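Here's a quick tour of the model you have open. Keep the 3D view handy while you read.

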Amino acid sequence: MDYITPILAAVVAVVGTLSASIYTQRSALQGKRMDFDQAQAQRKEDREIIERKAWLEQRRACYVALNRHAARISNGTLKRR
């Protein structure tokens with residue numbers, strides 16, 4: 001019976017060491033997953049901002065053209081075809 005205690009202690013130590021490494025690995029993977037999700041959300045937000053700016057620039061260009069033609073019509077300088 002004297003040999004069971006050291007063997008049991010060794011088994012507990014090995015199980016503890018292995019479970020600690022598994023826990024560490026899972027924590028690292030979870031952190032990487034969170035970083036990936038955050039980076040993906042940031043890229044999506046950046047794309048949306050770029051698309052919104054392009055849409056606003058296109059809208060502005062349409063208003064500029066509309067105002068230019070409206071001014072030419074009101075001045076009578078618009079050539080009729």
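## The helix

A quick word on naming: helices here are DSSP runs of at least four residues, numbered from the N terminus. By that naming, Asp46 is found in helix H1, which covers residues 4-75. Bear in mind that this is a predicted model.

How far does H1 reach from its first C-alpha to its last? With its 72 residues, the helix spans 106 Å, close to the 106 Å expected at 1.5 Å a residue. Right after H1 comes Gly76, with a positive phi near 80°.

## Two distances along the chain

A couple of C-alpha pairs give you a feel for the scale. Gly16 lies in helix H1, and its C-alpha is 26 Å from that of Arg33, 17 residues away along the chain. Gly16 is also partly exposed, because its relative accessibility is 33% and that class runs between 20% and 50%.

Val11 is in H1 too. Go 30 residues along the chain to Ala41, and the two C-alpha atoms are separated by 45 Å.

## A nonpolar patch

Val11 turns up again on the surface, where Tyr3, Ile4, Ile7, Leu8, Val11, Val12 and Val15 form a nonpolar patch. Together these residues have about 680 Å² of accessible area. Among them, Ile7 has its place in helix H1.

Is Val11 buried or exposed, or somewhere in between? At 45% relative accessibility, Val11 counts as partly exposed. Patch members need over 30% relative accessible area, so Val11 clears that bar.

## A negative patch

Now for the charges. Glu45, Asp46, Glu48 and Glu51 gather on the surface in a patch of negative charge. Asp46, which we met above in H1, is partly exposed, with a relative accessible area of 35%. That value is over the 30% a patch residue needs, so Asp46 can be part of the group.

## The salt bridge

How many salt bridges does the model have? The count comes to 1. Arg60 pairs with Glu57, and their closest N and O atoms are 3.7 Å apart. That falls within the 4 Å cut-off, so the pair counts.

Why do these two line up? Arg60 and Glu57 sit 3 residues apart in helix H1, so about one helical turn separates them. An α-helix has 3.6 residues a turn, so residues three or four places apart point the same way. As for accessibility, Glu57 is partly exposed, at 45%.

Technical notes: Residues are numbered from 1 along each chain as its sequence is written. This is a predicted model: local features need pLDDT of at least 70, side-chain atom pairs count only at pLDDT 80 or more; totals for chains, interfaces and linings use all residues. Side-chain values use heavy atoms; hydrogens and water are left out. Patches are made of residues with over 30% relative accessible area and no salt bridge: like charges are joined within 9 Å, nonpolar side chains (Val, Leu, Ile, Met, Phe, Trp, Tyr) within 5 Å. Accessible areas come from the Shrake-Rupley method with a 1.4 Å probe; for residues, only the protein chains shown count as cover. A salt bridge is a side-chain nitrogen of Lys or Arg within 4 Å of a carboxyl oxygen of Asp or Glu. Lys and Arg count as positive and Asp and Glu as negative; His and the chain ends are not counted. The place of a charge is taken as NZ of Lys, CZ of Arg, CG of Asp or CD of Glu. Buried means under 20% relative accessible area, exposed over 50%, partly exposed in between (1.4 Å probe, protein chains only). The expected span of a helix is 1.5 Å times one less than its number of residues.
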